[in-house]
Amino acid sequence: RASSFLGVASEVVFLDVTRSGGASPTLILDGPFEREAKPSESVLLQALVTLAPCWDPEAAALVRFAWEVARVWPTAAGEAAANGTTLTVPSADSAASAVDANALLNLATESKSSVLIRPGTLVPGWTLEIRTRVYMETAPSERAEALLRIVVVEEPLLARIAGGDRRVGSDADLVLDASASSDPNMAGLPLSFAWTVFAAGNATRVSDLAALRGEAASLPADANVTSPVLRVAPGTLAPGVWLAEVVVSRAAIAPQSAAVLLEVVAESVAQVAFPPETPAKVNSVWVLPADRVLLQPTVTAEGGQVPEGGWVFAWTAAPLVAGGTGAPLDLASPLVTSTGAAQRSLALQSGALLAGATYVFELTVLGGAQPARAGVTIAVNRPPFGGVLNVSPRNGTEGTTRFALEAVGWVDEADDMPLRFAFGYSAS
């Protein structure tokens, strides 16, 4: 039981300890006893074993492992609601089904020191207590066991509109596609969509598009505003700036929205669109080329005819600041991009973006009757912050002193939690 300086005490926690005869291995599960996990992420469970001194070091090959889900319970109900290993899983027909957690995670097949729980396996809103047993193959009675808890947290829905902000001709079919929206908690569950198009005056792109909502446009009856894809007939939207917003929802989870700015002009223009897989959030620094920031919008000519002289591309990028955008990036600099600002694709260099900032990227395409434009807003992830590394003792003797390393106070943005830690050292 723990008590605060105000005299507030926690519940009593009991821990059963079984003392062995001295030949049992010592088992520790890497990480904290209770940890949070997201359904869309993988979870690595690692058992660390130390042989009893009476065993030859080569006997490590004789160590065997057994993993199982010991108990489950709805997190909101608390541990008192634990009753076996059965949990309920939502299904596409809205009827939840009962599933045994051991069958769901398939832990019984794992006889190794580590277990990887794959993305899409854990069910949000449930807490799982997992037991690990370790024993010697030639002496099964010499064993040890340990427990850990996984609290599966619910992730917000992902609402996405393909294409980004764009300029469109009033005489063209307008297609707004939110089919890339998803539920990271449970694949296959149906989502509901609700579209609205608002007048946005003479607004330009800002960080809070919701602040631009004006009068809602009157869409024709054949415009299916509850479909993932909204099709707006030519002539429906008058020239001007419009805000198209979709609200994505599912039962028992908070709805999420996405919005794009539409600049409608009287003339026909080429269609510039960013693909659905364009990231909404990126890292400032990367090592692998596959992790780089690469923007590859498509350009479709009006009438399908590419202009005789070809397209001319011009990129701009600037960080969002209060009231608008800040100083633009020098996209012609090889320190910022590897493609320059005059190609259809834009590839950024590692470290070119400021961690924690949000940038507006816009591509203008010349060559048609009117310039075509599209833009996208991308946030830059920042590393965990606010913490320190404590080392005790600060000095010691090589090969003799046992050092304790503790990472304290580290936090991050909500959608990047929970944190993972890795310790290391270097000789100097």
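Me: Which residues of strand 11 are on the covered face, and which on the uncovered one?
Reply: In strand 11 (residues 174–177), Leu174 and Leu176 make up the covered face, while Val175 and Asp177 make up the uncovered one. This is a predicted model, where local features need pLDDT of at least 70, side-chain atom pairs count only at pLDDT 80 or more, and totals for chains, interfaces and linings use all residues. Residues are numbered from 1 along each chain as its sequence is written, and side-chain values use heavy atoms, with hydrogens and water left out.

Me: How are strands numbered here?
Reply: Strands (E, at least two residues) and helices (H or I, at least four) are DSSP runs, numbered from the N terminus. As for the two faces, in a regular strand the side chains alternate between the two faces of the sheet.

Me: Which strand does strand 11 pair with, and in what sense?
Reply: Strand 11 pairs with strand 13 (residues 229–232) in the antiparallel sense, over 4 bridges. Pairing here takes at least two DSSP bridges between two strands. Leu176 has Leu230 as its bridge partner in strand 13.

Me: What sits in the loop just between strand 10 and strand 11?
Reply: Ala172 lies in that loop, with strand 10 covering 165–169. Ala172 is partly exposed, at a relative accessible area of 27%. The cut-offs are under 20% for buried, over 50% for exposed and partly exposed in between, with a 1.4 Å probe and protein chains only.

Me: What does Ala172 touch, leaving aside neighbours within four places in sequence?
Reply: Ala172 is in contact with Val232 and Pro234, where contact means heavy atoms within 4.5 Å. Ala172 and Glu302 are 130 residues apart in sequence, yet their C-alpha atoms are 8.7 Å apart in space.

Me: Switching to the inside: how many residues are in the largest nonpolar core?
Reply: That core has 34 residues, and those with the most contacts inside it are Leu45, Trp67, Ile117, Leu122, Leu128, Ile130 and Ile150. A nonpolar core is a set of buried Ala, Val, Leu, Ile, Met, Phe, Trp, Tyr and Cys residues joined through side-chain atoms within 4.5 Å.

Me: Which strand gives the largest share?
Reply: Strand 9 does, with 6 residues. The elements giving two or more residues include helix 1 (101–105), strand 4 (63–74), strand 8 (126–136) and strand 9 (139–152).

Me: And what is Leu122 in contact with?
Reply: Setting aside neighbours within four places in sequence, the contacts of Leu122 include Leu105, Ile117, Leu128, Ile150 and Asn185. Another core lies apart from the largest one and has 28 residues, among them Phe274, Val336, Leu363 and Val376.

Me: Back to sheets. What order do the strands take in the one with 4 strands?
Reply: The order is 2-9-8-4, in an open sheet with mixed pairing. Strand 2 (34–37) and strand 4 are the edge strands, each pairing on one side only. Strand 4 and strand 8 run antiparallel and are joined by 11 bridges, and Val69 stands opposite Ile130 in strand 8.

Me: What about the sheet with 3 strands?
Reply: That one is open and antiparallel, in the order 1-3-7. Strand 1 and strand 7 each have a single partner strand, so one side of each is left without a neighbour in the sheet. Strand 3 and strand 7 are joined by 4 bridges, with Ser114 in strand 7 as the bridge partner of Gln46.

Me: How many aromatic pairs are there?
Reply: The count is 2. In Phe274 and Trp315 the ring centres are 6.1 Å apart and the planes are at 70°, so that pair is edge-to-face. Both residues are buried. The rings of Tyr359 and Phe361 have centres 6.3 Å apart and planes at 40°, so this pair is tilted. Rings of Phe, Tyr and Trp (its six-membered ring) pair if their centres lie within 6.5 Å, with planes under 30 degrees apart counted as stacked, over 60 as edge-to-face and the rest as tilted.

Me: Where is the cis peptide bond?
Reply: The bond from Ser392 to Pro393 is cis, with omega near -5°. Pro393 lies in the loop between strand 25 (388–392) and strand 26 (404–408).

Me: Last one: what is phi for Ala252?
Reply: Phi of Ala252 is near 70°, a positive value in a residue other than glycine. Ala252 is exposed, with a relative accessible area of 78%.
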